[in-house]
Amino acid sequence: MPNKIDQQSSISAADLTRLNQEAQSEATPSTARIIWNEFKADRPAMAALIIIVGFILFVMVAALFIDTPKMMETNIMNYFNPPFSAQDWLGADSAGRSIAQQLIVGSRNSIGIALGLTAISSTFGIAWGLISGYFNGYVDWGMQRVYDFMMMLPMLMIIIVLVTIIPHYNAITLTLIFSLFYWEGTSRLIRSRTLAEADKDYVAASITSGTNQWKIIFNQIMPNISSLIIVDTTLSFAENIGVETGLSFLGFGLPSQTPSLGTLIANANDPNNITQYWWTWLPAALEIIVLCLSISYIGQVLRRAADASQRQGMTN
Amino acid sequence: MSLIEIHNLKVHYPIRSGFWNRVTDSVKAVDGISFNIEAGETYGLVGESGSGKSTTGKSVVGLEKVTSGQIIYQGQDITQPANRRRLHYNRDVQMIFQDSLSSLNPRKRIEDIIAEPLRNFEHLSKDDEKLRVLQLLDIVGLDADALYKYPHQFSGGQRQRIGVARAVATNPKLIIADEPVSALDLSVQAQVLNFMKRIQQEFGISYLFISHDLGVVRHMCNNIAIMHKGRLVELGTRDDIYHHPLHIYTKRLLAAIPETNVNQRAAHRATRQAVEQAYQDQQARYYDADGAPFPLVAVSPTHFVALPADFAQSLAHAEQEVQA
Amino acid sequence: MATEDSFLTIKDVSTAFKINGQYYDAISHINLTVHHDEILALVGESGCGKSTLATTIMGLHDPDETRITGEVDLEGTNLLQLDENGYNQFRGAKIGMIFQDPLSALNPLKRVEDQIQEVLDYHTTLSTAAKHDRVMELLDQVGIVNPPRTARQYPHELSGGMRQRVIIAIAIACKPDLIIADEPTTALDVTIQAQILDVLRSIQTENHAGIILITHDLGVVAETADRVAVMYAGQIVELGSAEQIFNTPKHPYTRSLLRSMPQLNNESDDLYVIQGNVPSLRRLPTTGDRFAPRIPWVPASEHEATPTMHEVAPGHKVRCTCYRNFTFPDEKGSDRV
Amino acid sequence: MWKTILRRILIMIPEVIILSILVFLLAKAMPGDPFTGSINPKADPAQIAHLMKINGLDGPWYSQYWNWVVHLFHGNLGNSYQYQEPVTRLIAGRATNTLWLALFTMLLTYAIALPMGVFAGRHEGKLPDTIIRFYTYVTYCIPFFVILVVGIWIFGYVLGWFPTTGSISITASGWLNTIGSRFYHILLPGILGALFSTVNIVQYLRSEVIDAKHSDYVRTARAKGGPTKDIYRHHIFRNSLLPIAAFAGYSITGLLNGSIFTETVFSYPGMGLLFINSISYRDYTVITALVLIYGILNLLGTLLSDIILSLVDPRIRIQ
Amino acid sequence: GCSSKSSSSNSSGEKGASLKLPDHYTNTKATDKAATRNGTLHVAEPADAPFAGIGDPNLMSNNEDNDVFAPGAAAPGSINALFISDKNNKIIDGGLANQRLDRKNNTVTITLRKGAKWSNGSPITAKDIEYTYEVIANKASTSQAYTADMNNIKGMAAYHAGTAKTISGIAYPDGETGRSVVIHCTKMTPAMKFVGNSFIAETVEPYDYIKNVPIGKLAASPQVRKNPLFTGPYKLDKIVPGESTSWSKNPYYYGKKPQIKNIVITVVSSNNIDKAIQSGKYDFTSPAGVMHGTDYKQLKNLKNYKIVGQPELGYGYFGFNVGQFDTKTGKNTLDPHSKMANKSLRKAMMYAVNNDAVTKKFSYGISWRANTLIPPIFDNYWDSSAKGFPLDIKKANKLLDDAGYKKKGKWRVQPNGKPLTIYFGAMTGTSAQAATYQDYLQQWHKIGLNVKFATGKTMEMNSFYSTLEAPKQNKIDIYDAAWSVSSEPTPTMYTETSVQNLGHFATAKNTQLINDMNSDKAWNDSYRAKIFKEWQAYMNEEAYVAPDAFSYTWAPVNTRVKGYSLKSSNVDFWSSLSLTSSSMK
Ligand SMILES: Nc1ncnc2c1ncn2[C@@H]1O[C@H](COP(=O)(O)OP(=O)(O)OP(=O)(O)O)[C@@H](O)[C@H]1O
Ligand SMILES: Nc1ncnc2c1ncn2[C@@H]1O[C@H](COP(=O)(O)OP(=O)(O)OP(=O)(O)O)[C@@H](O)[C@H]1O
Ligand SMILES: [Mg+2]
Ligand SMILES: [Mg+2]
């Protein structure tokens, strides 16, 4: 009986456009916009954002112009060339390969792994956490058992074993192997927040509005933990840039012909390289630290901005 | 025929314990209650905290898994999810929540919040939908500006009205209002209560009005059920409950309402303490051996009380004599 | 009620909070006295500054974030001049405080007994055994049935009413002269609320304390208060004995509040609704009558430019002159914002 | 309590069984066997086959697995091919080394992290807090092994303050010397490990302290008239430190992971180094045993944390 | 005996190395008596992992154990050895026992010296000689030392199979506690004259001491792990499992009296060995320890250390996959249709490799280009005149052109016109090795051969060998690997029946030559040497397996050490050592 409502209200279809325009002019900016505004207001954060995005783009593009197989060729003459020499301004490694070029391609690979890993593990972890947190009962119970089991696995050991088993592994396989494990932290975080969210009345309201469960999970609950998701994803990205370094150090990382920040830093494994040939590892190590610091800084700003957008309501 | 009939509704939450974590006991949140809600009436459900009011409300709206009993709507038992789906039950039965902030998704704009049930049940065109939302806003006294704002930008009273707008969007026949005003300030409370009454008159909606504030219930409801320990202890018209309470628990609740008449506060306190004393002393007469309320018996066509039949009759007689 | 036996005098107290580097008054120029053996109720809508006044008296504000002026005189000492250590001599000992949410106000990791005993540790030199006895006594006094058992329990094991009793026990442990109860029953049921109020009253009679009872439930005020101060937007708008406030309310705000309560006899009618909202801290009007925007039909000429308190009867004061000719508009208020 | 712990342990059993099968299969799937590439050019293929047989390396995987499980129940994890001795004995020797190192690292971690976290939280926003936070951010971003490698290089080789290999000096005699020598050997790896693992605890503790500072119960405590230092001691520190205690169990996982790096860099003969060696040697029995042990230790760590948590926090009763 | 040429030069110049390392350190300073009597000699054992700690020469399975238990033997690598040998590894009298070969009766008689004792003072007996065979051949034994050659001893096969309780072919002329045993063989071979042959075991086992331990459990027993017995100049005092061993003088040693009170051998990670030496913590690294070229670069200029070295018992080589192993017949067969079956292709690839430059750059002279498949330490057998495969791109191109490998675009194709992709198998190792492999690929690309890493990258050792050990495989066409060889150099790994013949080549000529090495005629040393040289020439000509690099075994020696000599004639390596100062220089 929609006419019942029509009867009760003086508003008719004729007013629609006018009222809509009025409403539009009063519209509150969306969260994304608020965050963006926050960034615009915070100069250092903006700078960090530009630097990071710029750097990533630079590395991605520059790497396209580098012929990796050629770069990785042994060049006996350039053996441990010191930095700031004519050909290699960052010097060369024990095989006479340019560190600068390796750094670019290596960053591309490491960042690529980090991006891929973050995308896969966060997506999976978020979905897992949301579903497990929303459906209590057997679904949650089962998912929690799987989670417990995964938590029990000694991750590093299993990864090493897997890496030795897989014959033709490359950056993609490595990303997939890491993804097997890296969703756990995210999923736990998301689950505990989802548990809290699912108890809120707006979820009950959605149920009584006839919205189906999946829509509730992904359209209603997820936006409410979006700031958590954004921050967590940023921070995991920062962390994931360094994820293959440890494995490379132990000798189970990327194949030697695939440069990465990890393989570069692993040069520090040889104590002689630490001081004598410092350029073989230090730039990569510094790059990781700087990248990770900047990204986590951005993460902090995002958290602040996201919190602010939620807090706004309280003070208004 | 009543709009909705609740028969012997039970909701038990399992308590797990012991070595194997088996279900060893249960919280009897709702333990066998029956009542009917007529079309167009406001039915009050009153009781102290933890007595099972919200659980009852949620069961009626279909949010709670019912342990046993039936809720009959249009001849179907809607405790079965399949029946609810078939009937588009929630199009006809909606809910207003106590906490207006938490019941509105903070990350959704008002338009989306109010349109949510419309999208699921009515499938209107985009413009029609928007128009309907605007009309609803108009009905609850909010400007069109509200359309693209977020819940936190409104005051408690306004938010509660947005909740009402959502609840009436699909033209429901029954709205469960679970303590809709207890979080609100006095003046805002008045605003929302007025408003709910108006909507009811205009749309012919029934309310199941849940509250522990007997003042508000008296203002709103025609029929009232008093709940205690998951059961109903007394059930009757407003007059039955406020002027002829029979069960000691009802009396105690009534006595606890603070009196705004300063001049008689000493007397009021004395009465309250007397009733409290009686409540403490006469547990055995008013409750069964397990401390649970007895089954309801009728003392008049509208008035039921959870007491042994003879005791109930004698109380009713005594009451009549006092009146006379 | 003569002022001579007042032991707490609040003189011209204002408290401002720092928001984005600027100070905004949450309460301004509050004058109030509290006497022994009385319950002074502080009523008003949410955000009127009731809690702010309470915490100002207790000195619980972060000095970096607030600016407090005026004088809080407790038996000759101006509390606002004290340093943290000086204040600690008063807090808990001379002033006890009861908070609204009894669950979060108790340390979840400590047993009830320890939490009560802590006050005794700070302010008395009793032996351990004596403290224990005192704790039992206190629990008994606030109406706990089995003190030894409750003393051993943790807050989460208690019901809301029990927790609130424990908080009260803490507040009265050192027999303070002043007890500030900030909405002690809002989170509780009517029946429990009645019990808690009874406990408060019995304590007051036993200890001869003065109580500041903060609430927005007029029923509670009517039942318990001796004197009432009605607050609006950081100011006291009406002050008087309970009888004065309920029987002959003067200020439009007080009258509006009373009128918006559901009454027995007007059940079929609409309730009165005060237009508008309590302004937020940053939007507080700085001049004129702060309540004026909510009674727009009253001509500006009725209001004072700088409203002051007018004594309309002994002990009964009203802010602004607008009360004099105040009537509600014919149609009983509108629910339009 | 005891019942719940027992039940938790029972629930663990299927997990451990699945883990054991998984691990066993993974180890089998690794290319090569313990005898591949043994560079004795005169080794006889028949002899190698014979060795495979007496080491139980023939037959289908399930029968190998079954044999392994049966032996397991006799406390026999098989023999290490590389070390020619029972895995149990081999690991027992290594485990004590790892245990000492882990224990020391953990104690040191707490000794460093607690004051830092509390201090930062208490002086939120002030200079020391900023410094501590900067330290945690930077440490968080440096790969662990870089800390180790640079640390051993500076303090071990350049300054020569600490031993750089092994777990004990063979010349140490007498129990005092022995303990001293052991301690001396774990000092540097322990310190470096602790510097790294403080990060999480410091950050967590700091925010706990800040939360506690603003909590209602602290306001209550202030209303009691308690001196600030007492309020910090009885309420803020207590309440923020107790949940940290439960970190102890969870941190086992981190310490075990870290042990792989620390022991490799310091040639410290513990389980982590053993694992890395066994991987390149395809010493299946050792690999399976180690992964299983690490898995079980992880489980026990979680259990321990839950128990600690339920002990210190009366609100939590483990289910 | 034929040890004609024993000029024993202290430079190895003629062995092809550009770097000349002395094989001993002549310390002219006087021995510091007090330091020697009371001091401690610190030896570093470079290793990647803690040592296993099996103090029994027949059960230990890796170099590290050999090194950390070395002071229990007279000279490195000869723990509990019966014999001493001359510089050509020929067994000579004067060791713990003497050996007599009786070709007529097919017997070997071994006689212990008088009064020989274990380090615990108990006598060494004939049974101890025999027990070695039991330890190696027992059905339950964990030893890897048993070889088919041992079946040459009568009754051995039966004992090994477990059908006999004792080895019937071993007799005690004067009882088990006597001094000699007689070993009855089915045939005698010239290899028996040399230490390191695979026919006669050359150690003693302390039978009395270990007889109660089942042989299968011996390797794990305390008798072998905690308190093993030795026959050498030092006895084991203490062992920290996996980490270090500590030694003191063995009063029962029959030979030259040891001089230093205490020797401590500590495992040091190969990664850090140069730093450890630089920080002056060790007197020298284990004489047989693995040291890399980069280490040499770091250490060669230290003032307080002298570098001492000698050519390694081993060599690096390239192998070509040219056939398969028939598991039924147990034989390798050549496949004439295989990708690498063309001799010109193989040789061209070898000529394209610039090993002179590579070894110089990456090993600093510690390795050098090998010219044959017999390492130069075998003075008598090594063909110093062999050319091997020096860099010659022109020749390589010509070989390919002539053989019909025409260029088609960037790469050469097979003579039949099909494209040619060659897969190179190499093991993951140090960064220097990685660079070397890269260089190989580049060189091959230069002559137009499309060579790629098998699996696209270097292979982890286990995957590498498990790929190669398959009876038939086509993943790897050419591979780079290394052998360490025994002191008796017969190349048994290249026989028709050997599973170690990873490229599966088998030719009649090769079989013939290897058989000739141990034929009756070969009892004549010069004939034997001639056959060895013929074989080397044949292998270089066919290039089924081609030499890659020879290396030094070398060690930095602190200048306070006196008497350090790696000469094979120095049978008293450990007891010759003394100190010239109480503190490390
Ligand atoms: N999910 C649940 N699991 C276990 N027990 C529950 C659950 N929900 C409610 N209960 C219990 O059921 C009883 C009734 O709860 P209900 O919320 O219906 O009470 P109420 O009358 O609405 O109380 P209030 O006035 O506090 O809202 C309470 O004792 C409560 O503890
Ligand atoms: N720490 C603070 N910082 C900034 N503003 C504050 C702070 N505390 C309170 N306020 C503001 O001061 C005003 C008065 O708040 P107060 O809590 O005293 O009100 P109240 O009368 O106690 O309300 P309620 O009934 O909701 O408890 C409000 O507008 C509130 O937003
Ligand atoms: Mg409820
Ligand atoms: Mg308040």
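Which residue of chain C has a side-chain N or O atom 2.6 Å from an oxygen atom of ligand 2? In this predicted model, the residue is C:Ser51, whose side chain places an N or O atom at that distance from the ligand oxygen. The surroundings of ligand 2 include an unbroken run of chain C residues, namely C:Glu45, C:Ser46, C:Gly47, C:Cys48, C:Gly49, C:Lys50, C:Ser51 and C:Thr52. C:Phe17, C:Ala26, C:Glu183 and C:Leu281 are also found around ligand 2. Backbone atoms take part as well as the side chain of C:Ser51. A backbone N or O atom of C:Gly49 lies 3.0 Å from an oxygen atom of ligand 2, and a polar backbone atom of C:Cys48 is 3.2 Å from a ligand oxygen.

Ligand 1 is surrounded by residues of chain B. Among them are B:Glu48, B:Ser49, B:Gly50, B:Ser51, B:Gly52, B:Lys53, B:Ser54 and B:Thr55. The remaining residues around ligand 1 are B:Tyr13, B:Val27, B:Ala29 and B:Glu179. The side chain of B:Ser49 has an N or O atom 2.6 Å from an oxygen atom of ligand 1. A polar backbone atom of B:Gly50 is 2.8 Å from an oxygen of ligand 1, while an N or O atom in the side chain of B:Glu179 is 3.3 Å from a ligand oxygen.

The contact between chain A and chain B was examined next. It brings together 44 residues of chain A and 41 residues of chain B. About 3,900 Å² is buried between chain A and chain B, with carbon and sulfur atoms giving 55% of this area. Zero salt bridges are found across the interface of chain A and chain B, whereas 12 residue pairs are in polar contact there. Several helices of chain A each supply at least two residues of the side that touches chain B: α1 (2-8), α2 (16-26), α10 (201-208), α11 (213-224) and α16 (282-315). By residue class, the side of chain A that touches chain B comprises 22 polar, 16 nonpolar and six charged residues.

Chain C and chain D also form an interface, to which chain C contributes 25 residues and chain D contributes 22 residues. The two chains bury about 2,200 Å² between them, and 56% of that area is on carbon and sulfur atoms. On the chain C side, the residues that lose the most area to chain D are C:Phe99, C:Leu109 and C:Tyr122, which together account for 29% of what that side buries. Two salt bridges are counted between chain C and chain D. In one salt bridge, the side chain of D:Lys224 meets that of C:Glu118, with an N to O distance of 3.1 Å. Across the interface of chain C and chain D, 14 residue pairs are in polar contact. Elements of chain C that each supply at least two residues of the side touching chain D are α2 (84-90), β6 (95-98) and α3 (112-123). Of the side of chain C that touches chain D, α3(C) gives the most, with five residues. That side of chain C is made up of 13 nonpolar, eight polar and four charged residues.

Within chain D, a further interface lies between two domains. Domain 1 of chain D spans residues 2-73, and domain 2 of chain D spans residues 87-316. Their centres, taken over C-alpha atoms, are separated by 32 Å. In the contact between them, 19 residues of domain 1 of chain D meet 15 residues of domain 2 of chain D. The area buried between the two domains is about 1,600 Å², and carbon and sulfur atoms give 78% of it. One salt bridge is found across this domain interface. The side chains of D:Arg8 and D:Asp306 meet in a salt bridge with an N to O distance of 2.8 Å. One residue pair in polar contact is likewise found across the interface of the two domains. Helix α1 (residues 2-29) of chain D provides the largest share of the side of domain 1 that touches domain 2, 12 residues. The residues on that side of domain 1 of chain D divide into 13 nonpolar, four charged and two polar.

Terms used:
Residues numbered from 1 in each chain as written. Chains lettered and ligands numbered in written order. Predicted model: local features only at pLDDT ≥ 70, side-chain atom pairs only at ≥ 80, totals over all residues. Heavy atoms only, no water. Domains from an automatic or database assignment. Contact = heavy atoms within 4.5 Å. Buried area = accessible area lost by both parts, 1.4 Å probe. Salt bridge = Lys/Arg side-chain N within 4 Å of Asp/Glu carboxyl O. Polar contact = N/O pair within 3.5 Å; in protein donor to acceptor, adjacent residues only side chain to side chain. Helix = DSSP H or I, 4+ residues; strand = E, 2+ residues; numbered from the N terminus. Nonpolar A, V, L, I, M, F, W, Y, C, P; charged D, E, K, R; others polar. Near = heavy atom within 4 Å.
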